[in-house]
Amino acid sequence: MLIYIHGFNSSPASAKAQLLKAKLDVLGRGAEFAAPALPHSPAQAAVSLDALVGRHPGAALVGSSLGGYYATWLAEKHGLKAVLLNPAVRPYELLAPLVGPQKKFHTGEEYDFTTQHVAELRALEVERVTPARYLLIVAKGDEVLDYRRAVERYRGCRQLVIEGSDHGLSDFAEYLETVLKFCGVSDSKKH
């Protein structure tokens, strides 16, 4: 099972989620894929993701932006592998200035992002990470997050630092095979 965890105001319709799903469909060896639509409440998102992981022990995680923060919490709680794509580091600080009305990119759903949501994010902070669990992929051209914060946070983990690119990793297709191999799925494995 491969679980994709989308970022703040994103959805399972993100380009990265769709690329992963399409690649797994092409490989066609029964690899399961899930990309849940997360509630805007971090506490509710955590409960939902925890339940999904509980139904799929040994799942591999791919988390983008805020999804990378959730993936870190899940990987440490359940001992899972996780690929982090331009992950948010300390999102409770990054998102605090965004308290107020929000709109989801793909669905247009509107909601209020509150100080309670910021506190819920802080509650999911993991003090230390286990380096062997992670593959960090960050872009120097990320226009939303400073990639150096993730490089520092995930020091000791396998890291790919991309020259250029952007927050959405518009060149993600180039890294699909690396991501899938880290997660234990690749063209070279025959079942």
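## Salt bridges, sheet, core and hollows

At 21% relative accessibility, Arg 153 counts as partly exposed. Buried means under 20%, so Arg 153 misses that label. This value, like the others here, comes from a predicted model. What does the side chain of Arg 153 meet in a salt bridge? The partner is Glu 125, with an N to O distance of 3.4 Å. This pair ties together distant parts of the chain, as 28 residues separate Glu 125, in the loop between helix H5 (115-123) and strand S7 (134-139), from Arg 153 in helix H6 (residues 147-153). Glu 125 is partly exposed too, at 29% relative accessibility.

Side chains of opposite charge can pair when their charged atoms come close. Searching the whole structure turns up ten salt bridges. Another one of them joins Glu 163 to Lys 140, and here the closest N and O atoms are 2.8 Å apart. Again distant parts of the chain are linked: Glu 163 belongs to the loop between strand S8 (158-162) and helix H7 (176-182), Lys 140 to the loop between S7 and H6, and their positions lie 23 residues apart in the numbering. How open to the outside are these partners? Glu 163 is exposed, with a relative accessible area of 59%, whereas Lys 140 counts as partly exposed at 38%. Salt bridges can also share partners, and that is how Arg 90, Glu 93 and Arg 149 end up in one network. Within it, the closest N and O atoms of Glu 93 and Arg 90 are 2.6 Å apart. Both of these residues are partly exposed, Glu 93 with a relative accessible area of 36% and Arg 90 at 33%.

Next comes the sheet. Six strands form an open sheet with parallel pairing, in the order S2-S1-S3-S4-S7-S8. Which strands stand at the edges? They are S2 and S8, and each has a single partner strand, so one side of each is left without a neighbour in the sheet. Strand S1 (residues 2-5) is a handy one to follow in detail. On one side, S1 is joined by two bridges to strand S2 (residues 33-34), and the two run parallel. S1 also runs parallel to strand S3 (residues 60-64), with four bridges joining them. Ile 3 shows both contacts, standing opposite Ala 34 in S2 and opposite Leu 61 in S3. Two residues along, Ile 5 has Gly 63 of S3 as its bridge partner.

Where do the side chains of S1 point? Leu 2 and Tyr 4 go one way and Ile 3 and Ile 5 the other, and all of them are buried. In soluble globular proteins, nonpolar side chains tend to be buried together. The largest nonpolar core of this model holds 38 residues, and the members that touch the most others are Ile 3, Ile 5, Leu 61, Tyr 70, Leu 121, Tyr 134 and Tyr 154. Two or more residues of this core come from each of S1, H2, H3, strand S4 (82-85), S6, H5 and S7. The top contributor is H3, with seven residues. So the Ile 3 and Ile 5 met in the sheet turn up here again, among the residues with the most core contacts.

That leaves the empty space. Rolling a probe the size of a water molecule over the atoms shows where such space is left. How many cavities of 30 Å³ or more are there? The count comes to one, and about 100 Å³ of space lies in it. Fourteen residues make up its lining, and Phe 8, Asn 9, Pro 39, His 40 and Leu 66 lie nearest its centre. Helix H2 (42-55), helix H3 (66-78) and strand S6 (110-113) each give at least two residues to that lining. Sorted by class, the lining has nine nonpolar, four polar and one charged residues.

The largest pocket has a volume of about 380 Å³. Its lining runs to 21 residues, and those closest to the centre are Phe 8, Ser 65, Phe 105, Val 144 and His 167. Helix H1 (15-27) and helix H4 (91-94) are among the contributors, with at least two residues each. By class, twelve nonpolar, eight polar and one charged residues line this pocket. Phe 8 shows up for both hollows: it is listed near the centre of the cavity and also close to the centre of the pocket.

Key: Residues numbered from 1 in each chain as written. Predicted model: local features only at pLDDT ≥ 70, side-chain atom pairs only at ≥ 80, totals over all residues. Heavy atoms only, no water. 1 Å grid on protein atoms, 1.4 Å probe; cavity = no way out; pocket = protein on both sides within 12 Å on 5 of 7 lines; lining within 4 Å. Points joined across faces, edges and corners; volume = space filled by probe spheres on them. Nonpolar A, V, L, I, M, F, W, Y, C, P; charged D, E, K, R; others polar. Salt bridge = Lys/Arg side-chain N within 4 Å of Asp/Glu carboxyl O. Buried < 20%, exposed > 50% of the residue type's maximum accessible area, 1.4 Å probe, protein only. Pairing = 2+ DSSP bridges. Core = buried A, V, L, I, M, F, W, Y, C linked by side-chain atoms within 4.5 Å.
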